[in-house]
Amino acid sequence: MGNTVLEISQVEKSFGKHKVLHNVSLKVVKGQVFGFLGPNGAGKTTLIRVILGLIRPDKGTIHIDGFNLQTNFRQAIEHVGAVVETPKFYPHLSAYQNLLLVRNLHRNLPKSRIPEVLEIAGLSARAHDKVGTYSLGMKQRLGIARALLNYPKLVFLDEPMNGLDPQGIIEVRSLIHQLQHQGISLFITSHLLHEVEQVCDQIAIIKNGSILTQGSLTELLRSDLEVVEIYTKDLLETHHALADVAFVHKCTITPSFLLVELDRGSTEQLIRFLVKRNLHLQYLIPRKHSLEEFFMELAYEGSIS
Amino acid sequence: MIGLIKNEWLKLFNNKKFYWFLLLLLIIYLFPVFMTFVVRMSTFNGQVYPLTLFGVITSLVMPLFLIVLVAEIVTEDYLSGNLSLTIIQPVTRVQVLTAKVFFLFQVILFLLLLCLLLGYGVGTFIYGWGSEFMLRGKTYSQLTGIQLTVMSYVSASLPLLAFSLLNMFIAIIVPSAAAVVGISAGIFFFSTIISLLVDIGPILINTYFNTLPFILDYYSGQSLAPGLFVISFGLIFYLLTLFIFIRKDMVL
Ligand SMILES: Nc1ncnc2c1ncn2[C@@H]1O[C@H](COP(=O)(O)OP(=O)(O)OP(=O)(O)O)[C@@H](O)[C@H]1O
Ligand SMILES: [Mg+2]
C-alpha cells in the first residue's frame, strides 16, 4: 500500500444516458510508467479528469498517494502534475507568467523553480514571450514543464506526443525516461503504440469505458499463445477446418492470409494438420506479438472469425 | 486564497481591455468639462464635481464593465480550459469561486476610488475647489459634502458587487461568453427601463446602484435597511453559483 501512488477502484461515470466508464479499477506503483491505451472515445481523457477531480464519478473511489481524492482533495492533488489533452494557457501572458499562476497556488514553492522547469523543457530563451506566439510543440513542452513545477510524484500526460514532429517525439521520450529515473510515476495515454511500448512498463487497455486487460508489458507480451500467418489458396476452407481444432484459439480471415492464434509450441502440429487435410499450404509466417497487434486484437473488432 | 486573488489581478493587469476602460473613465470625467466650455456655463466646482458624474458611473458605466469582466473571469476562463488548470491545484472549488468574488469586490472598490479621485482632481483643477457644497438646492458644510461624496462612492461597491454575483450566476450556467454578456446586458437594460417606467423599485438591484439618495436618507436619520436587501441579493446568487460550481463537471 505504501508503494501505491494511485489506486482507482470501481469508478463509473455517465454523461446523461451515455455510460462512459464502467467499473474501472487500476493501480499505479511508485516509479512506474503506466500506459493507458484505447481507441478514440474509449474514455481515457474522461478517466484522467475523474482522477484529477475535474469530473465527479457516479461511483467508486480514488486514492492518490494514500489520500482520498473526494475527502482530502488538497493533500491528494498536492504532488500531482498533469497535461490533459492539449495544454491550455493564457495566450496574452508569457510562459513565465503562465507558470507563475500555478506557482502562486502552491505553498512553499520558490519562484526559482520556474526557470528550472523552463530549462528542462528547453524554453528558457522564450520564457518571456507571449504563449500566443508559441508553436504547438512548444506549447506541449510548456505544458509538461508546468506539470513538473510542483515537484510531482505522479504525472499525467494525455497524448503527450500529439502534434510533435519526430525530433519532438524523441525529446519527449527522453524527458519521460528522465522523469522515470527520478522516481516519478507517470500515467500516459497515447495512440502512438510504439511509443507506449518503448516507455511504459505497465499497461491497461480500455474500450467503450471498460478495461479489457491490464498487466506488465512483459506479462502481456509473453502470453501462452503464439500467432502465425497462414498463406493458402483455400482461405475459407482452411478457416473452416481450423474451427474445431483444440489448440487453435482464434482464426481471423484477412484478404490474403489467415491470422491464427494457437497454443505456444503447437505450430508443428498445425502444419501436420493442414497437410493431412490436403489444404494448400503455401507458407507460414510466425509473428512477434507486438503490443500494437495485441492492442488491435483487443480493442478493435476487425475480425470476421 | 491570496494566491488565487493575486492571479486574477495579474491577469487583469495584462489585459488590454482594462486599460481601455481606464481611458474611458478619464474621458467620461473630462466630458462635462468640454461641454461647459462649449455652452459657456459653469455651475460646477471641485467639491460637487464627483457627485455630478456619480449616477452615470454607477448606474451605467460600471455595470456594463462588470458584465464583461465577469463573463471573462468565469465563462471565458472555463471555456479556455484555464479554470480546469486552477481546479487541479491544491485549492478547493469554494476557494476558487470565493477568490473571484473578493477580486471583483477589490476591482469595484479600486475603480470607484479611482473615479472619486478623478472627480475631485478634474473638478478642482478646472473649476477650483469652490466655496460651498450645494446638492439638490440644499447647502451642506464642506466637510459634510466630502462625507456624502466618499460614502456614496464607497457604498456603491455593495450593489455593484451584488449585481456582479447575479452575472456570475448567469456566467456559470451559460456556455458562451458572448451569450453571457448578451443576457446580462439584456437583464440590465430591461430592468433599468422597467424601473424608469413603473415604480417597483425596491426589488430591482439597479435602483440601488446610485447610492446617493440612500446616503442622504441615512444622513437625515433613516435606517440602512436597503443595504440588507442588497446584501441578501448578493448572498443568494453567491450561494446559487457555488452550489452549481461545486457540482460542475469540468470537461474543458
Ligand atoms: N462532456 C461530455 N458530454 C457527453 N459525453 C462526453 C463528454 N465528454 C466525453 N464524452 C464522451 O465520453 C466518451 C469518452 O470520451 P473521452 O474523451 O474520455 O475519450 P478518449 O479515450 O480520451 O478519446 P480520444 O482518444 O479521442 O482522446 C466519448 O464517447 C465521448 O463522446
Ligand atoms: Mg482523449
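The following questions and answers concern ligand 1 and the contact between chain A and chain B in a predicted model.

User: Is the site of ligand 1 shared between chains or confined to one, and which chains surround ligand 1?
Analyst: Among the 14 residues around ligand 1, those that come nearest are Asn40(A), Gly41(A), Lys44(A), Thr45(A) and Thr46(A). Residues from a second chain also belong to the surroundings, so the site is shared between chains, namely A and B.

User: Which element gives the largest share of the shell around ligand 1?
Analyst: In chain A, the elements that give two or more residues to this shell are β2 (18-29) and α1 (44-51). The largest share amounts to 3 residues, and the element that supplies it is α1(A).

User: How far from an oxygen atom of ligand 1 is the side-chain N or O atom of Thr46(A)?
Analyst: Gly41(A) places a backbone N or O atom 2.8 Å from an oxygen atom of ligand 1, while a polar side-chain atom of Lys44(A) lies 2.7 Å from an oxygen atom of the ligand. For Thr46(A), the side-chain N or O atom lies from an oxygen atom of ligand 1 at a distance of 2.5 Å.

User: Which residue of chain B forms a salt bridge with Lys13(A)?
Analyst: Chain B and chain A bury about 2500 Å² between them, with 57% of it on carbon and sulfur atoms. On the side of chain B, Ile88(B), Pro90(B) and Asp249(B) lose the most area to chain A, together 25% of what that side buries. The count between the two chains is 1 salt bridge, in which the closest N and O atoms are 2.8 Å apart and the partner of Lys13(A) is Asp249(B).

Definitions and conventions
Residues numbered from 1 in each chain as written. Chains lettered and ligands numbered in written order. Predicted model: local features only at pLDDT ≥ 70, side-chain atom pairs only at ≥ 80, totals over all residues. Heavy atoms only, no water. Near = heavy atom within 4 Å. Polar contact = N/O pair within 3.5 Å; in protein donor to acceptor, adjacent residues only side chain to side chain. Helix = DSSP H or I, 4+ residues; strand = E, 2+ residues; numbered from the N terminus. Buried area = accessible area lost by both parts, 1.4 Å probe. Salt bridge = Lys/Arg side-chain N within 4 Å of Asp/Glu carboxyl O.
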